[in-house]
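Subject: Structure handover

Hello,

I am passing on the structure we spoke about. Please look it over below, then read on for what was found in it.

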Amino acid sequence: TRSLTITSVDQSMFEKAQGEKVTLPCTFELSEEDEGPLDIEWVLIPADNQKKEQIIIMYAVDRIYNHYYAALTGRMQFSSLDPRSGDGSLEIQNLKAADTGTYQCKVKKAPGVQSRKIQLTVLVKPARTKCSIEGSQEIGKDVTLKCVSQEGSPLLSYDWRRVSGTQSLPATSTLNKNTGELLLKNASLEYSGTYSCVASNRVGTDECSVELNVTPPVNKAAIIIGAIIGTLLGVSILCSIIFCFCKKHREKKYEKEVHHDIREDVPPPKSRSSTARSYIGSNRSSLGSMSPSNMEGYTKTPYSQVPSEDFERAPAQSPAFAPSKVAAPNLSRMGAVPVMIPAQSKDGSIV
């Protein structure tokens, strides 16, 4: 008696890159004795033998069930629309590194039962490869060119090549393909140029480049002197700015204080009444020095020239008075010699 058999036994291992798709084959043939219902299962066998197998997708009683494994939901399906035709192959799209594992196809149709295991490895292409230079780029110094990929499944391999010039690496260079380091010993001007690094694994490559510029040794003494001079110059400029700011601030503060300060030692301005009294007092003082010759001119001077302010007199007093009746100041009290003032009688004679 011949039962069903799985015919896809040529390839049991697959290597694919992340983001690609894969079809895991599982074709079969039925026999006349297989009369039971057809049942096709795909399961994921964990690396840890203590864990149970996880059903991924199943075909049973003319229906497809694909909700068992959330990690592959929406990315897997049977490659044939009708698995009863003898094709139970599984198609997985947009592969991820986590999809790596052992998959098993089980076909059942009583009394026949067959299964087949397939190993799937999802590799990540090298990506985000960066090149850098380590060390001083001076003549006679050792320089190291570094190349590292941020992504990529092992085993990664690195290879350096020179893009410009002779397009061959210097004779003193040493390459480590596992770490991606290129050591250039005793660098010279001829080492200058563009260098390119290619990172690769079984599923892809990635590339980066760097520019090496070997220069003569730098005059450190001149750099130090220049730095000192620049620092002193900067400090002097800063001090000048601070000094000017402080001076301007003091001037503004002084002007503000003078504007609002009331000086107690400065006498108040004279009032108009004080001015009038000073004017009258000066005229009274002049009376004592008048001679008969200038008395006539004084009597004829109109009194209206004297300021009209009321200088501390009673309201009932009359503002006008005769010059002849002006009393001479008490010179004795002032410590001065009294002077006789001549007067004119009614008949015109001087007395």
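A residue is called buried when its relative accessible area is under 20%, exposed when it is over 50%, and partly exposed in between. Please keep in mind that this is a predicted model.

Overall picture

By that cut-off, buried residues account for 27% of the 351 residues in the chain. The chain has an accessible surface of about 23,800 Å², and carbon and sulfur atoms hold 55% of that surface. Three helices and 18 strands are found along the chain. If one takes the contacts between residues at least 6 apart in sequence, 56% of them join residues at least 24 apart.

Two of the sheets

One open sheet has three strands, in the order β3-β9-β8, with antiparallel pairing. Its edge strands are β3 (22–24) and β8 (76–78), each of which pairs on one side only. On average, neighbouring strands in this sheet are turned by 25° against each other, direction ignored. The pairing of β8 with β9 (residues 90–92) is antiparallel and runs over three bridges. Within that pairing, Gln-77 has Glu-91 of β9 as its bridge partner.

Another open sheet has four strands, ordered β12-β13-β16-β15, and its pairing is antiparallel too. Here β12 (127–134) and β15 (173–176) are at the edges with a single partner strand each, so one side of each has no neighbour in the sheet. Neighbouring strands in this sheet are turned by 10° against each other on average, again with direction ignored. Between β13 (residues 143–151) and β16 (residues 181–184) there are four bridges in the antiparallel sense. Thr-144 is the residue that stands opposite Leu-183 in β16.

Salt bridges

Side chains of opposite charge can pair when their charged atoms come close. How many salt bridges does the structure hold? The count is eight, and several are described here.

Arg-202 and Glu-15 form one of them, with their closest N and O atoms 2.9 Å apart. Because Arg-202 sits in the loop between β17 (193–201) and β18 (204–212) while Glu-15 belongs to strand β2 (residues 13–17), this pair ties together parts that are 187 residues apart in sequence. Arg-202 has a relative accessible area of 55%, which means that it is exposed. Glu-15, at 42% relative accessibility, is partly exposed.

Asp-99 and Arg-75 form another salt bridge, and their closest N and O atoms are 2.9 Å apart. This pair also links distant parts of the chain: Asp-99 is in the loop between β9 and β10 (101–109), Arg-75 is in the loop between β7 (63–65) and β8, and they are 24 residues apart. Are these two residues buried or exposed? Both Asp-99 and Arg-75 are buried.

In the salt bridge between Glu-207 and Arg-161, the closest N and O atoms lie 3.1 Å apart. Glu-207 is part of strand β18 and Arg-161 of strand β14 (residues 157–162), so the pair ties together parts that are 46 residues apart in sequence. Glu-207 is partly exposed at 44% relative accessibility, and Arg-161 is partly exposed with a relative accessible area of 41%.

Finally, a network of salt bridges links Asp-62, Asp-82 and Arg-84.

Regards

Key
Residues are numbered from 1 along each chain as its sequence is written. This is a predicted model: local features need pLDDT of at least 70, side-chain atom pairs count only at pLDDT 80 or more; totals for chains, interfaces and linings use all residues. Side-chain values use heavy atoms; hydrogens and water are left out. Two strands pair if DSSP finds at least two bridges between them. Axes are lines fitted to C-alpha atoms, for helices over the stretch in contact, and angles run from 0 to 180 degrees between N-to-C directions. A salt bridge is a side-chain nitrogen of Lys or Arg within 4 Å of a carboxyl oxygen of Asp or Glu. Buried means under 20% relative accessible area, exposed over 50%, partly exposed in between (1.4 Å probe, protein chains only). Contact means heavy atoms within 4.5 Å. Accessible areas come from the Shrake-Rupley method with a 1.4 Å probe; for residues, only the protein chains shown count as cover.
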